[in-house]
Amino acid sequence: NNPWFVDHAISKWLKVKSCDISRENIPFDDNSFDFIYCRHVIEHLPVEWEIKLFSEANRLLKKWWIFVCLWPTAYHWYFRDDPTHYRPCTHGQLWHLAGDFDLAIIENKYSLLRRFSNGLQRWLRLPPLRFFLWEVYLVAKKQ
């Protein structure tokens, strides 16, 4: 529920409905979406709200349609610099969240493998590894 994003979307002629998932359900009817895309949202939610988000995605999706979720790992370049981030993700966390809501997992793995120079690793405060698992993603469908 970010007023800037709502105003920006409206300025681009998009239809927007805003809600506070901690207090209410997402304001759409059950089984009303073919596709839900959620990127870099869940890391901003406490655990009880991320469970509610998956519950709402399950409620909103039509049967056999797709839910895509991307979540940064602890090695994402800005993860620890953003004070609104609660926690990073592993692919196991997404696997279990999808399973808890009976979503059929199509694909669940780490993505966006990145390689940084030693100087950039120091500047980004990354451990001395050569490659980093940048994000974890889940593609699932409602059964």
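**Salt bridges, a helix pair and a surface patch**

Searching the whole structure turns up four salt bridges. Keep in mind that this is a predicted model. One of the salt bridges has a partner in helix α2, and α2 also packs against helix α3. On the surface there's a nonpolar patch to look at too.

**Salt bridge**
- R59 and D30 pair up through their side chains, with 2.6 Å from N to O.
- This pair ties together distant parts of the chain, 29 residues apart.
- R59 sits in helix α2, while D30 belongs to the loop between α1 and β1.

**Helix packing**
- Helix α2 covers residues 47–60 and helix α3 covers residues 91–100; their axes lie 9 Å apart, at an angle of about 50°.
- That angle is why α2 counts as oblique to α3.
- The crossing of α2 past α3 is right-handed.
- On the α2 side, E50, I51 and F54 make the contact.
- On the α3 side, the contact residues are L94, L97 and A98.

**Surface patch**
- I10, L14 and V16 make up a nonpolar patch on the surface.
- Together, these three residues have about 250 Å² of accessible area.
- L14 falls in the loop between α1 (3–11) and β1 (33–39), and D30 of the salt bridge is in the loop between α1 and β1 as well.

Terms used. Residues are numbered from 1 along each chain as its sequence is written. This is a predicted model: local features need pLDDT of at least 70, side-chain atom pairs count only at pLDDT 80 or more; totals for chains, interfaces and linings use all residues. Side-chain values use heavy atoms; hydrogens and water are left out. Patches are made of residues with over 30% relative accessible area and no salt bridge: like charges are joined within 9 Å, nonpolar side chains (Val, Leu, Ile, Met, Phe, Trp, Tyr) within 5 Å. Accessible areas come from the Shrake-Rupley method with a 1.4 Å probe; for residues, only the protein chains shown count as cover. Helices (H or I, at least four residues) and strands (E, at least two) are DSSP runs, numbered from the N terminus. Axes are lines fitted to C-alpha atoms, for helices over the stretch in contact, and angles run from 0 to 180 degrees between N-to-C directions. Angles under 35 degrees count as roughly parallel, over 145 as roughly antiparallel, 65 to 115 as roughly perpendicular and the rest as oblique. A crossing is left-handed if the near helix is turned anticlockwise from the far one by less than a right angle, and right-handed if clockwise. Contact means heavy atoms within 4.5 Å.
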